[in-house]
Amino acid sequence: MNILVLGGTSFLGRAYVTEALRRGHRITTFNRGRTGADQDGVEVVRGDRNSAADLERLVDGRRWDAVVDTSGQQPAAVALAARLLRPHAGHYSFVSSIHAFTDWPALPVGEDSPTHPCPADTPPDQPPANALKAGCERALLEQFGAEKSLILNCGLLIGPYESVGRMPWWLERMAQGGRVVAPGNPDRTMQLIDARDFAAFGLDLVERGAGGRYVTTAPPGSTTMGEWLTACADATGGRAELVWVGDEALLAAEVMPWVELPLWSPDQPEWQAVWLADTARARAAGLNCRPIAESVRDTWAWIRQRGPRTEPYLQGTVPLGIAPEKERGLLEQAAS
């Protein structure tokens, strides 16, 4: 197939390109060239997806069997790309997010769950918000229609080349060794999907010309916080000692969920279904997820190859990770 990837150099986009090349597809990538290098074997077109002129240059004289959009964050940008690509592509696959669902993370969600009421014609350059992905979905459907549109509501991605840095932060902390605050309940289940597994499933659907919506993440209960953090400790040499600190103590110390101890969510009503998304439809369509330990080992191998990071990992504009002195205070309290 001839496939256009909007993005294609960072994390999930890179995983799509790698897998598509492995399958023998012909790939064009369209990006600004700022977040990573394009892989050998692809046709590279440089441009900004927010620029009509750049998109018109992209489509001039070209046609693709399918578009894979891993970089759409604003409804206006998705609407522009879909409108200009519609005469030049037969299928459009959009990577949305589980954040698009109104009820998440307080209630379990599935393909039929309501999405945020964000319109397709939302003005450009909105501040980051969960609702924007729902607007992106509507923008795509307006341009391509339901039969030629594929929406993948992505769960929590992990694996090599992770761009946010949630698991890399944990791996680098474990590599330092010593006593490490492990948050919450070690038996709390999680849903973590390797970007490579997501991309393989997404391409399976593209090859079939599938439309519709799929909640795409690991099955509920596929791992636990304890299994995941133990795998991180083991992969980095086993020099870290996990010290489990309960939700109440963490909240009393004003530890910010999800950010200061990445992926920790307290067992409270507003977080109770964060790891309970229904993936039955995706699994029936062929989604397979590798063991968590494999994703952890491969990510640590990539970090060692990449070398030390000089800047903090960020969730938006907020640095990930707990300050060492704050962690020491929690460890001292746990030992008393």
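In which loop does Phe11 lie? In this predicted model, Phe11 is found in the loop between strand E1 (2–6) and helix H1 (12–22), and the close-up views below begin with this residue.

**View 1. Phe11 and Glu254 are two loop residues with positive phi.** Phe11 has a phi of about 50°, a positive value although the residue is not a glycine. With a relative accessibility of 9%, Phe11 counts as buried, because buried means under 20%. Glu254, which lies in the loop between helix H8 (247–252) and strand E14 (257–258), also has a positive phi, near 60°, and is likewise a residue other than glycine. Glu254, however, is exposed, since its relative accessible area is 66% and the cut-off for exposed is over 50%.

**View 2. Trp170 and Trp228 form an aromatic pair.** A pair of aromatic rings is described by the distance of the centres and the angle of the planes. For Trp170 and Trp228 the centres are 6.2 Å apart and the planes stand at 75° to each other, an arrangement that is edge-to-face. Trp170 belongs to helix H5 (residues 166–175) and Trp228 to helix H7 (residues 225–235), so the pair ties together parts that are 58 residues apart in sequence. Both of these residues, Trp170 and Trp228, are buried, and together with Trp169 they form one aromatic cluster. In the model as a whole, the count comes to 8 aromatic pairs.

**View 3. Two arginines lie over aromatic rings.** The charged end of Arg281 sits over the ring of Tyr214, at 4.1 Å from the centre of that ring. In the other example, Arg306 lies over the face of Trp302, and here the distance to the ring centre is 5.1 Å.

**View 4. Helix H4 (residues 131–144) is mostly covered.** The 14 residues of H4 should span 20 Å at 1.5 Å a residue, and the C-alpha atoms at its ends are 21 Å apart, which agrees with that expectation. Of these 14 residues, 10 are buried, including Leu132, Ala139, Leu140 and Phe144, but also the residues Lys133, Glu137 and Gln143. In the loop between strand E5 (92–97) and H4 lies Pro105, and the peptide bond that leads from Trp104 to Pro105 is cis, with omega near 10°.

**View 5. Helix H6 (residues 195–208) is followed by a glycine with positive phi.** From its first C-alpha to its last, H6, with its 14 residues, reaches 20 Å, close to the 20 Å expected at 1.5 Å a residue. H6 is mostly covered, with 10 of its 14 residues buried, and among them are Ala195, Asp197, Phe198, Phe201, Leu205 and Val206. Just after H6 comes Gly209, whose phi takes a positive value of about 70°.

**View 6. The second largest pocket is lined by 15 residues.** About 300 Å³ of space lies in this pocket. Of the residues that line the second largest pocket, Ser10, Thr35, Tyr161, Glu162 and Ser163 lie nearest its centre. Taken as a whole, the lining of this pocket divides into 5 nonpolar, 6 polar and 4 charged residues.

Methods. Residues are numbered from 1 along each chain as its sequence is written. This is a predicted model: local features need pLDDT of at least 70, side-chain atom pairs count only at pLDDT 80 or more; totals for chains, interfaces and linings use all residues. Side-chain values use heavy atoms; hydrogens and water are left out. Rings of Phe, Tyr and Trp (its six-membered ring) pair if their centres lie within 6.5 Å; planes under 30 degrees apart count as stacked, over 60 as edge-to-face and the rest as tilted. Helices (H or I, at least four residues) and strands (E, at least two) are DSSP runs, numbered from the N terminus. Buried means under 20% relative accessible area, exposed over 50%, partly exposed in between (1.4 Å probe, protein chains only). A charge sits over a ring if NZ of Lys or CZ of Arg is within 6 Å of the ring centre and within 35 degrees of the ring normal. On a 1 Å grid over the protein atoms alone, a cavity is a set of points where a 1.4 Å probe fits but cannot get out, and a pocket is an open set with protein on both sides within 12 Å along at least five of seven lines; lining residues have an atom within 4 Å of a point. Grid points are joined across faces, edges and corners, and a volume is the space filled by probe spheres set on the points. Ala, Val, Leu, Ile, Met, Phe, Trp, Tyr, Cys and Pro count as nonpolar, Asp, Glu, Lys and Arg as charged, and the others, Gly among them, as polar. The expected span of a helix is 1.5 Å times one less than its number of residues.
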